[in-house]
Amino acid sequence: MKDPSAAILVPAGVALLGVAALAVWMYSPPVVAIEMRVPGLDRPATGGAAVTARPLKATETTFQGKPADLPGMWQQFRGPSLDGICHDTVPLARQWPPEGPPALWELQLGEGHAGAAVRDGCVFVMDYDREKEADALRCFSLADGAEIWRVTYPVVVKRNHGMSRTVPVVTEKYCVAIGPKCHVTCCDPASGKVFWLIDMVRQFGATVPPWYAGQCPLVDEENGWVILAPGGDDALLVALDCKSGEVVWKSPNPRGWAMTHVSVVPMEFAGRKTYVYCGKGGVAGIAADDGSYLWDTTDWKISIATVPSPVVLPEARIFCSGGYNSGAVMLQLHGNDAQITADTLFRLKPRVFGSTQQTPILFDEHLYGVREKDKQLVCLDLEGHEVWASGSQHKFGIGPYLIADGVIFVLSDSGKLTLAEATAEGYHQLAEAQVLDGHDCWGPMALVGGRLILRDLTTMVCLDVAE
């Protein structure tokens with residue numbers, strides 16, 4: 001039989017302990033945690049009162065690597081001129097030994113498709129550390145691949161055809177990178193010292209794309225601004241001050257277009273610098289000086305995933321292409337600063353051209369790219385007519401390509417690197433070699449001073465392709 005006194009004493013004891021704890025809490029001095037303000041973390045995602053959030057804390061680590069004393073620059077997505085063309089004067093080899101171009105160094109990275117940016121003898125890569133559950137912006141030596149510094153911050157990213165897939169932009173003073181869940185880091189490219197770190201989801205109401213952020217940041221060096229496309233309720237594009245991370249301007253988002261995997265592209269029109277962006281529901285033009293919303297069109301949109309960036313052509317034309325049987329379209333801008341319209345000149349069916357991931361290259365008044373439908377490298381004229389195709393015996397999947405010294409480098413899904421002449425005269429292959437072990441070789445390439453940097457899902461390699 002249970003003791004009835006115990007049934008009374010136990011609850012009473014618990015109650016007394018609770019009263020005592022409450023008294024200690026009421027009369028003890030408050031404990032205040034002081035955190036350095038990080039732009040964006042004191043605001044909710046879509047307006048309203050400030051919300052409490054776990055602060056983003058970056059960790060800076062230095063290593064023994066040193067910058068290389070080597071020339072050349074590929075400081076952002078698609079290179080110095082944002083056109084996928086290397087303008088170095090270093091002559092390139094037209095033939096390779098059977099084993100391919102010599103490998104100068106090799107790195108193991110986290111799963112992803114993030115390409116390299118190169119400046120001042122350093123290679124900058126946005127990576128992901130699965131063990132520590134952290135984004136990692138890393139800096140390596142162009143000479144030997146030795147790590148120089150690393151910036152990390154905690155974020156949980158699940159495997160989804162890789163994690164990181166963006167290319168940093170590096171200026172003399174700043175290195176800016178976007179992580180898979182739309183965090184933006186700005187640091188000193190020499191030391192890795194972090195200037196600021198924001199979350200576009202929290203600050204601008206961005207929606208992380210289905211296969212994570214693929215957008216690469218753009219820097220307006222004249223003004224010292226970084227241009228981003230969060231696709232939030234009140235900000236299709238934003239300009240942030242590189243030094244502080246503070247908002248310079250926000251463009252309206254009247255159609256509510258969400259973020260895609262596309263990167264922002266600059267364009268001059270009617271004597272004014274603008275930015276072109278393919279949002280979730282169409283294409284828009286934004287004024288570079290103040291973020292004014294200048295024009296848009298819903299004639300080009302992809303229901304599943306918009307990845308290739310628009311290609312700006314002469315005579316105010318814009319070529320947009322995509323995958324998932326969307327084909328391509330040529331837009332034409334008309335008007336002036338007061339009123340601009342974007343008309344559709346022509347459409348291309350997928351059998352003519354479409355691109356799942358990579359952005360076509362404009363070179364010598366022709367467009368070069370790998371066609372989604374049959375995976376062939378093709379050359380188009382600017383009226384959308386096929387000039388040539390590589391043929392059924394030369395297929396490349398959805399891997400990257402770039403042009404340099406009159407040749408085009410094309411990397412297949414399986415890691416086979418092909419060299420061909422970049423000419424409208426026809427497909428003329430010069431060399432090919434298996435340079436990676438063959439899985440998801442999709443990350444954009446970089447070429448600096450005869451050194452070609454490319455990757456597969458987990459390995460980055462630097463090849464000597466100089467003459």
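1. Two strands are taken as paired if DSSP finds at least two bridges between them. In this predicted model, strand 33 and strand 34 (residues 459–464) satisfy that criterion with 5 bridges, in the antiparallel sense. I453 stands opposite C462 in strand 34, and the hairpin that joins strand 33 to strand 34 passes through 3 residues.

2. Strand 33 also has a partner in strand 32 (residues 446–448): the two run antiparallel and are joined by 3 bridges. Here L447 stands opposite L452 of strand 33. The hairpin of strand 32 and strand 33 has 2 residues between the strands, and within this hairpin G449 adopts a positive phi near 55°.

3. How many residues of strand 33 (residues 451–455) are buried? The count is 5 of 5, and the strand is accordingly described as mostly covered. In a regular strand, side chains alternate between the two faces of the sheet. In strand 33, R451, I453 and R455 point one way, while L452 and L454 point the other way. Both sets are buried, the arginines R451 and R455 included.

4. The largest nonpolar core comprises 55 residues. The members that touch the most other members are M200, I227, L237, W295 and L333. For W295, leaving aside residues up to four places away in sequence, the contacts are V276, V283, A284, G285, I318, L333, I340 and A342. L333 thus appears both among the contacts of W295 and among the most connected members of the core. A second core, separate from this one, has 40 residues, including A68, L430, M460 and V465.

5. The structure holds 0 disulfides. A disulfide is a covalent bond between the sulfur atoms of two cysteines. Why does C242 form no such bond with C186, whose sulfur is the closest cysteine sulfur? The two sulfurs are 5.4 Å apart, which is too far for a bond because a disulfide requires sulfur atoms within 2.5 Å. C242 counts as buried because its relative accessibility is 1%, and buried means under 20%.

6. C320 presents a comparable case for the reader to inspect. The closest cysteine sulfur to that of C320 belongs to C278 and lies 4.2 Å away, so this pair is likewise too far for a bond under the 2.5 Å limit. C320 has a relative accessibility of 1% and therefore counts as buried.

Methods: Residues are numbered from 1 along each chain as its sequence is written. This is a predicted model: local features need pLDDT of at least 70, side-chain atom pairs count only at pLDDT 80 or more; totals for chains, interfaces and linings use all residues. Side-chain values use heavy atoms; hydrogens and water are left out. A nonpolar core is a set of buried Ala, Val, Leu, Ile, Met, Phe, Trp, Tyr and Cys residues joined through side-chain atoms within 4.5 Å. Buried means under 20% relative accessible area, exposed over 50%, partly exposed in between (1.4 Å probe, protein chains only). Contact means heavy atoms within 4.5 Å. Helices (H or I, at least four residues) and strands (E, at least two) are DSSP runs, numbered from the N terminus.
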